[in-house]
Amino acid sequence: MSTTSTDLAHFLHLQKVNYFKAVEQGQVRRQWTIVMGNEAGDLDSLASAVAYAWYATSHLKQLTIPLIQTARADLRLRAENLHALQLAGVPPDRLLTSDDLPSAPAEKFALVDHNVLAASFTGHVVAVVDHHADEGQHLDAKPRIIEVPTGSCSSLVARLFEREWKEGVTPEIARLLFSAVLVDTNGLKPGGKAQAVDRDMAAFLWPRTALGIEGAALHGDAPAEVREVKEVRELNEVLSAKKGSVEHLGARDLLRRDYKEYEHGLPGEPAGTVKVGLATVPRSAKALLKGADEGREFWGACGAWMDERALGVLGVLTTWREDAKFGKRGAGRGRREMLWAVRAAEDAPLPTRLWAGLEGAAELRVKRKDGPGKKFAAVGVPQGVVTRVYEQGNADATRKATAPLVKAIIEGK
């Protein structure tokens with residue numbers, strides 16, 4: 001399809017131009033609201049931020065600009081994001097990225113796909129739309145929509161349009177939101193992460209994308225089983241393939257590609273905290289550690305990333321699928337593993353507490369895969385760092401489930 005400039009691309013261009021004019025005039029903090037997804041910069045965060053800014057500016061008449069919490073050079077790390085932007089006719093240079101920001105970017109923020117303002121920003125949170133565990137902050141935000149479980153935050157943003165401003169769902173907005181819903185719910189797979197709101201909003205969005213025969217013919221109710229539509233299946237296959245195509249990325253890029261950072265208190269140390277990084281990587285532990293050279297590269301990159309980000313703990317959460325070999329048991333099923341690095345001595349309280357907590361967590365069902373007699377040997381681990389590798393029995397437990405569990409373990413709760 002054509003990737004010429006669209007109304008959405010023009011909107012994003014104007015917002016950037018006017019935002020930086022306000023910066024020059026010293027008016028940005030008083031006038032503008034920055035809407036941003038979480039620091040992982042995935043498609044759900046990108047689509048939710050862009051769509052909410054379109055809604056807030058055009059419908060609510062608030063000066064709003066979307067921020068993608070990714071450096072411009074790192075946009076290339078997510079091919080699925082670039083494909084969705086292409087479908088929406090939005091060149092990546094129209095986006096405001098983290099390295100574009102002035103030192104005092106705004107006083108007001110709208111959060112999508114997360115619900116706590118990062119410590120690197122100072123200001124007032126005026127809106128929250130999210131599908132992660134509610135951390136109980138920014139209670140005066142309006143709207144303050146936090147619904148768990150929900151497969152995709154983009155579904156919650158789409159519902160705002162469906163309830164308040166249906167005419168605002170242009171084909172470009174519909175394509176961004178619909179693509180994010182597909183990616184976050186594995187194509188609306190039954191029994192997976194998709195909830196009723198995801199299925200309902202997929203049915204609402206699909207006809208408005210005008211991407212297929214049904215979409216071109218309808219502008220009302222979509223087919224009850226949107227996931228069965230030929231064009232939807234094809235779009236999901238393309239997005240899934242692009243999301244999983246990371247063979248060209250080195251270990252450092254894999255760690256940065258889908259990364260979130262947290263700071264947790266330490267029990268018995270009132271002023272003590274530890275920074276924790278969680279990176280989701282769409283490759284197996286076998287691919288990352290298959291030989292001594294690969295092991296040294298991977299663990300070396302982990303140590304360097306921990307130094308760069310001042311991390312005490314780094315968790316690499318792998319997600320991949322079994323090869324679909326004929327007759328192979330479990331072929332094609334989703335798999336997850338955990339590779340952990342902690343900057344401490346092996347018998348220090350932090351790793352001891354973390355290993356015990358992970359191994360005792362019923363929601364993870366982990367099995368150790370490294371150590372003497374195990375599948376993976378610790379090759380190339382930086383000095384002063386201890387590691388563990390686990391198979392994760394519950395492949396449905398994503399970072400969204402793991403992050404609060406790790407917080408509780410580290411804080412001794």
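Ser179 is found in helix H6, which covers residues 171-184. The model is predicted. Is Ser179 buried or exposed? Its relative accessible area is 0%, so Ser179 is buried. The cut-off for that label is under 20%.

Which residues does Ser179 touch, leaving out those up to four places away in sequence? They are Leu43, Ala84, Leu87, Leu235 and Leu239. Now follow the chain onward to Leu249. Leu249 lies 70 residues from Ser179 along the chain. The C-alpha atoms of the two are separated by 23 Å.

Phe178 comes next. Beyond its neighbours within four places in sequence, Phe178 is in contact with Ala202, Leu205, Trp206 and Thr209. Val226, Val232 and Leu235 are also in contact with Phe178. Leu235 therefore appears in two lists: it touches Ser179, and it is in contact with Phe178, where contact means heavy atoms within 4.5 Å.

Phe178 also leads to the core. The largest nonpolar core has 60 residues. Phe178 is among those with the most contacts inside this core, together with Leu8, Tyr52, Val129, Phe161 and Leu176. Which helix gives the largest share of this core? Helix H3, residues 43-58, contributes 11 residues. In soluble globular proteins, nonpolar side chains tend to be buried together.

Polar residues can be buried here too. Ser154 sits in helix H5, residues 153-164. Its relative accessible area is 0%, so Ser154 counts as buried. Setting aside residues up to four places away in sequence, Ser154 touches Asp44, Ala47 and Ser48. It also touches Leu177, Ala180 and Val181.

Move to helix H1, residues 7-24, and find Gln15 there. With a relative accessible area of 7%, Gln15 is buried. Residues up to four places away in sequence are again not counted: Gln15 touches Trp32, Thr57, Thr64 and Ile65. Ala53 is 38 residues from Gln15 along the chain. Their C-alpha atoms are separated by 9.6 Å.

Helix H9, residues 230-244, holds Asn236. What is the relative accessibility of Asn236? The value is 14%, so Asn236 counts as buried. Apart from its neighbours within four places in sequence, Asn236 is in contact with Leu182, Asn186 and Gly187.

Now step back to the whole chain. The protein chain has 14 helices and 12 strands. Its radius of gyration is 22 Å, close to the 22 Å that the globule rule gives for 413 residues, so the chain is as compact as a globular protein of that length. Along its principal axes, the C-alpha trace spans about 60 × 60 × 35 Å.

Burial and contacts fill in the picture. Buried residues account for 53% of the 413 residues. Take the contacts between residues at least 6 apart in sequence: 66% of them join residues at least 24 apart.

What remains is surface and charge. The accessible surface of the protein chain comes to about 18300 Å². Carbon and sulfur atoms hold 51% of that surface. The chain carries 55 positive and 53 negative charges. How far apart are their mean positions? The separation is 3 Å.

Technical notes. Residues are numbered from 1 along each chain as its sequence is written. This is a predicted model: local features need pLDDT of at least 70, side-chain atom pairs count only at pLDDT 80 or more; totals for chains, interfaces and linings use all residues. Side-chain values use heavy atoms; hydrogens and water are left out. Helices (H or I, at least four residues) and strands (E, at least two) are DSSP runs, numbered from the N terminus. The radius of gyration is taken over C-alpha atoms; the globule rule is 2.2 Å times the number of residues to the power 0.38. Buried means under 20% relative accessible area, exposed over 50%, partly exposed in between (1.4 Å probe, protein chains only). Accessible areas come from the Shrake-Rupley method with a 1.4 Å probe; for residues, only the protein chains shown count as cover. Lys and Arg count as positive and Asp and Glu as negative; His and the chain ends are not counted. The place of a charge is taken as NZ of Lys, CZ of Arg, CG of Asp or CD of Glu. A nonpolar core is a set of buried Ala, Val, Leu, Ile, Met, Phe, Trp, Tyr and Cys residues joined through side-chain atoms within 4.5 Å.
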